[in-house]
Amino acid sequence: MNYFCSEKFDYAEIRLYDAFVASCCVATPHHVTLNDIKNHPVGFFNYPAIIAERQQMLSDQPVAGCAEACWNVEAAGAKSRRQRIGTDTKIYDSTVGIPKTVNLLISNTCNQTCVYCCKNLSSSWLNDVAKYGNYNIDGHSDRYNLTKQDQILFKINQSQLFNNKTSQQILQQLINAQDQIEELQITGGEPFLDNNLISILEQMSAVKTIKIYSGLNVNSARFAKMLEKIKDMSNVAVMVSAENLGMLHEFNRAGSKYDQWLTNFDLVS
């Protein structure tokens, strides 16, 4: 059986605030250490665990962290994610490289608790679990149960998380490799609530395409000021995100205000 997926070789999802890196949006992430980063010029993408997984794929062996999203789906006779998006063709033969696409989560700062989100991607979700206790949902403890690391993250502010050594080393490697990165996606959290967004955009000007994904639940005065700073960046686009309208929008994205969403949508337009 072909167990290859090209995203393992050309895509990286980086949670800058806690140094977790994944090879796609559904693969099991790895925690990257400062030593991993220092041992390679693009260490956030070429650390030992990911190199071992790439070698497994080149040897047609199933990677355990991809089982739930792909191997189990295919074994049941359905099309997996890699088959749907066409990444199941072998186009790489090296276990090291530089990512073509990077999904960068600068921080988990977010004032929404969307029904499909979790404590790893939203500070409001993290606050919810810390305040009210674990959800204890079978198979989803990694999303809705507090860990010791979460308890530490809960007490550290955005600036401290951004300026820690590991975050800064990862960011510097991204900046150094930017001319070879085809697309940078900035997600979160809510990117426009991050005080470091503009600085990162200014330092990544060589990337061909930068897409900022926003749920628009941001103070409109702040949002307008930030848009003013990026409006002349020709490689930057704002990708607007929403699943519903009116009260249903506010249900899907608990903590959001639909009127504010409309105001900010007009600002983007």
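Which residue of strand 6 does Thr-101 stand opposite? Thr-101 faces Glu-183. This is a predicted model, and the report starts with its sheet.

**The sheet**

Strand 6 covers residues 183–187 and pairs with strand 4. The two run in the parallel sense, over five bridges. They belong to an open sheet of seven strands. The order is 3-2-1-4-6-7-8, and the pairing is mixed. In general, strands of a sheet pair through backbone hydrogen bonds, either parallel or antiparallel.

Which strands stand at the edges? They are strand 3 and strand 8, the latter spanning 236–240. Each has a single partner strand, so one side of each is left without a neighbour in the sheet.

**Helix 3**

Helix 3 runs over residues 48–58. Four of its residues are named as buried: Ile-50, Glu-53, Arg-54 and Met-57. Viewed down the helix axis, the buried residues fall within an arc of 100 degrees, so they line one face of helix 3. The general rule is that an α-helix has 3.6 residues a turn, so residues three or four places apart point the same way.

What do these buried residues pack against? Their partners are helix 1 (7–10), strand 3 (30–31) and helix 4 (67–75). Strand 3 is also an edge strand of the sheet.

**Backbone details**

Three residues with positive phi are set out here.

| Residue | Place | Phi |
|---|---|---|
| Ala-19 | loop between strand 1 and strand 2 | near 60 degrees |
| Asn-136 | loop between helix 6 and helix 7 | near 55 degrees |
| Asp-60 | just after helix 3 | about 55 degrees |

Are Ala-19 and Asn-136 buried or exposed? Ala-19 counts as buried, at 7% relative accessibility. Asn-136 counts as exposed, at 54%. The cut-offs are under 20% for buried and over 50% for exposed.

A cis peptide bond joins Gly-188 and Gly-189. Its omega is about 25 degrees. Gly-189 lies in the loop between strand 6 and helix 11 (197–203).

**The largest pocket**

How much space lies in the largest pocket? The volume is about 1400 Å³. The pocket is lined by 47 residues. Closest to its centre are Glu-13, Cys-25, Cys-118, Leu-121 and Arg-143.

Several elements give two or more residues to this lining. The strands are strand 1 (11–15), strand 2 (20–22), strand 4 (101–105) and strand 7 (209–214). The helices are helix 4, helix 7 (141–144) and helix 8 (148–153). Helix 4 also packs against the buried residues of helix 3. By class, the lining divides into 21 nonpolar, 16 polar and 10 charged residues.

**The second largest pocket**

The second largest pocket has a volume of about 160 Å³. Its lining holds 13 residues. Asn-108, Ser-123, Leu-153, Ile-156 and Leu-161 are the closest to its centre. Helix 6 (123–132) and helix 9 (158–162) are the elements that give two or more residues to the lining.

Which element gives the largest share of this lining? Helix 6 does, with three residues. The lining has six nonpolar and seven polar residues. There are no charged residues in the lining of the second largest pocket.

Conventions. Residues are numbered from 1 along each chain as its sequence is written. This is a predicted model: local features need pLDDT of at least 70, side-chain atom pairs count only at pLDDT 80 or more; totals for chains, interfaces and linings use all residues. Side-chain values use heavy atoms; hydrogens and water are left out. Buried means under 20% relative accessible area, exposed over 50%, partly exposed in between (1.4 Å probe, protein chains only). The arc is that of the directions from the helix axis to the C-beta atoms. Contact means heavy atoms within 4.5 Å. On a 1 Å grid over the protein atoms alone, a cavity is a set of points where a 1.4 Å probe fits but cannot get out, and a pocket is an open set with protein on both sides within 12 Å along at least five of seven lines; lining residues have an atom within 4 Å of a point. Grid points are joined across faces, edges and corners, and a volume is the space filled by probe spheres set on the points. Ala, Val, Leu, Ile, Met, Phe, Trp, Tyr, Cys and Pro count as nonpolar, Asp, Glu, Lys and Arg as charged, and the others, Gly among them, as polar. Two strands pair if DSSP finds at least two bridges between them.
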